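Reader: I'd like to go through this one with you and keep asking how you know what you say. Could you put it up first?

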Amino acid sequence: MASVTSSRPYHIIIFGATGFTGQFVVEEVARCAAESPGGGSLKWAVAGRSRQRLEEVLKQAAGRLSMPELRTDIEIIVADVSIEESLAIMCQQGLVILNCVGPYRFYGEPVVKACIANGAHYIDICGEPQFLERMQLEYHTKALDRGVYVIGSCGFDSIPADLGILYTQRQFKGTLTAVESFLKISSGSEGMSGHDATWQSAVYGFADSGSLRQLRKKFGHKPLPVVGAKVKKRGFMFFSKEIGQYAIPFMGSDPSVVKRTQRFLHEEEQQSPVQYSAYVGVGGLFSVVKLLCGGLLFWFMVKFSLGRKLLTMFPSFFSFGLFTKSGPTMKQIEDTCFSLTFFGEGYSEGTDPTQGQPNAKICTQVIGAEPGYVATVSAMVQAAITLLNELHSLPRRGGVYTPGAAFHKTSLIDHLHNHSIKFSVRNYQ
Ligand SMILES: NC(=O)c1ccc[n+]([C@@H]2O[C@H](COP(=O)([O-])OP(=O)(O)OC[C@H]3O[C@@H](n4cnc5c(N)ncnc54)[C@H](OP(=O)(O)O)[C@@H]3O)[C@@H](O)[C@H]2O)c1
């Protein structure tokens with residue numbers, strides 16, 4: 001593992017540790033530190049804008065994990081996004097900053113800047129393509145020059161999709177040319193929900209979705225070549241035989257992140273890019289009607305500032321209880337799980353992918369516990385530990401990357417598999 005020093009004493013600093021997600025990250029890091037060889041060799045600290053709330057978080061984690069030492073042994077760093085100097089002092093003390101302060105479009109950039117300026121690697125769980133792509137556009141060269149890795153979307157958005165595609169490519173014997181993924185989330189009797197900050201990220205992300213096209217033009221990328229038969233996109237809503245329910249295109253950051261990874265692997269490693277379409281199951285006809293009504297209202301309201309104000313004031317009402325100010329209950333979290341199934345096609349070994357139709361198929365699956373907080377924090381913490389342990393396997397010597405681009409030569413998939421996100425090959429149905 002990368003070594004800490006007296007002037008940079010922490011491997012990991014959890015910034016935003018008082019947030020709904022941050023508190024889960026604290027517990028996950030505490031568990032991993034206790035498991036690490038030599039016990040306690042992983043040095044970590046918590047950071048946020050209120051010492052008192054951070055003390056509360058450590059007290060709560062100490063009680064929940066039966067680890068009283070967390071209250072006395074874990075350092076607290078007070079840092080506020082709006083106070084540059086406080087971010088600099090935080091970033092000078094850690095090898096990796098786990099940034100849990102979102103929505104990232106409002107709070108993320110000063111943290112990325114401070115990490116680059118002060119030599120700390122940066123990992124977040126952002127699911128906002130505008131922020132992720134803008135950070136790549138504006139900070140890749142600066143991060144590369146400073147030898148700092150900035151790796152966004154290391155949560156449920158978008159590690160299962162991004163690494164799921166890499167896994168599928170590796171398992172396929174030949175040239176994989178296209179993949180469709182289907183996300184299914186199952187919950188228990190109390191249903192599922194997400195916390196308000198994710199809803200806010202979605203509201204402001206959709207409101208600003210038009211800016212993505214202009215942002216992408218600034219990269220000046222050539223279109224990625226289409227290898228093999230071009231895949232037709234499905235309609236806005238359709239019945240999926242693959243998952244036995246209605247499905248719609250997945251609106252999160254997965255397609256954007258996967259495409260950036262595929263571009264990186266094509267340009268840097270001369271790999272054949274995969275065409276990717278992501279869908280999510282929405283359930284039966286009743287859910288379809290509910291989604292159509294809610295979706296139309298949402299699309300209309302995000303366009304106006306008053307609409308956005310109302311959406312963010314009453315998340316539970318406008319999301320039919322899917323997002324709440326208090327976040328999911330422990331029971332909801334314990335009873336929820338996800339599966340992401342990949343249906344891929346391509347050309348078997350020895351066949352030319354530029355000739356004829358695909359002649360081979362593959363089905364793989366990534367499954368895990370509750371996506372928003374359990375799978376997300378596990379993915380984030382495993383990404384950080386992999387960065388610390390396998391720094392030499394990351395690309396170049398720094399830069400802004402997707403998880404797939406950053407970790408494609410590391411053992412992150414194996415670590416995730418040994419924790420809470422499992423990767424497997426399935427029979428193609
Ligand atoms: N990728 C995924 O699958 C995934 C899953 C879960 C969450 N997320 C994302 O993670 C982010 C956090 O979500 P959450 O539900 O944990 O949000 P949250 O509960 O609202 O937490 C926000 C955190 O940011 C801190 N914060 C706010 N303003 C700050 C400032 N000026 N300086 C320093 N800290 C500040 C808050 O500190 P105080 O306690 O002091 O207010 C709190 O710790 C969101 O963007 C969400 O979309 C992504």
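**Two sheets, two domains, one ligand**

Author: Here we go, and keep in mind that this is a predicted model. One open sheet has 7 strands, in the order β9-β10-β11-β7-β13-β14-β16, and its pairing is mixed.

Reader: What makes β9 and β16 the edges of that sheet?

Author: Count partners. β9 (238-240) and β16 (421-426) each have a single partner strand, so one side of each has no neighbour in the sheet. As for twist, neighbouring strands here are turned by 30 degrees against each other on average, direction ignored.

Reader: How do you know that β7 and β11 pair?

Author: Pairing takes at least two bridges between the strands. β7 (residues 174-186) and β11 (residues 275-283) are joined by 6 bridges, and they run parallel. With 6 bridges against a cut-off of two, they count as paired. To see one of them, find Ser-181, whose bridge partner in β11 is Ala-278.

Reader: Which strands does helix α7 lie across?

Author: Helix α7 (residues 159-171) lies across β7, β11, β13 (337-348), β14 (360-369) and β16. Against β14, α7 runs at about 145 degrees.

Reader: What is the pairing in the sheet that starts with β3?

Author: Parallel: that open sheet has 7 strands, ordered β3-β2-β1-β4-β5-β6-β15. β3 (75-78) and β15 (399-401) are called edge strands, as each pairs on one side only. The average turn between neighbouring strands of this sheet is 20 degrees, direction ignored.

Reader: How do you know that β4 and β5 pair?

Author: By the same cut-off of at least two bridges. There are 4 bridges between β4 (residues 94-99) and β5 (residues 121-124), which run parallel, and that passes the test. Leu-98, for one, has Ile-123 of β5 as its bridge partner.

Reader: What makes α5 roughly parallel to α6?

Author: The angle does. α5 and helix α6 (residues 129-146) pack at about 5 degrees, with axes 10 Å apart. Angles under 35 degrees count as roughly parallel, so the pair gets that name. From α5, the contact uses Tyr-104, Arg-105, Gly-108, Val-112 and Ile-116; among the α6 residues in it are Phe-131, Met-135 and Tyr-139. By class, this contact has 7 nonpolar, 2 polar and 3 charged residues.

Reader: And what is the angle of α5 to β5?

Author: About 160 degrees. Angles over 145 count as roughly antiparallel, so α5 is roughly antiparallel to β5. α5 lies across β1 (10-15), β4 and β6 (149-151) as well as β5.

Reader: Which domains does the chain have?

Author: The domain assignment gives domain 1 (10-155 + 377-407) and domain 2 (159-372 + 421-426). Their centres, taken over C-alpha atoms, are 25 Å apart. Domain 1 puts 22 residues into the contact and domain 2 puts in 27. On the domain 1 side, α6, α15 and α16 (403-407) each give two or more residues, and the largest share, 6 residues, is from α6.

Reader: How do you know that the ligand's shell draws on both domains?

Author: At least three residues of the shell come from each of domain 1 and domain 2. In total 30 residues surround the ligand, and the closest are Gly-19, Thr-21, Gly-102, Gly-155 and Ala-197. Elements giving two or more residues are α1 (20-35), α5 (104-118), α8 (196-207) and α15 (371-389). By class, the shell has 10 nonpolar, 16 polar and 4 charged residues.

Notes: Residues are numbered from 1 along each chain as its sequence is written. This is a predicted model: local features need pLDDT of at least 70, side-chain atom pairs count only at pLDDT 80 or more; totals for chains, interfaces and linings use all residues. A residue is near a molecule or strand if its C-beta atom, placed from the backbone, lies within 6 Å of it. Ala, Val, Leu, Ile, Met, Phe, Trp, Tyr, Cys and Pro count as nonpolar, Asp, Glu, Lys and Arg as charged, and the others, Gly among them, as polar. Domain bounds come from an automatic or database domain assignment. Axes are lines fitted to C-alpha atoms, for helices over the stretch in contact, and angles run from 0 to 180 degrees between N-to-C directions. Angles under 35 degrees count as roughly parallel, over 145 as roughly antiparallel, 65 to 115 as roughly perpendicular and the rest as oblique. Two residues are in contact if their C-beta atoms, placed from the backbone, lie within 7 Å.
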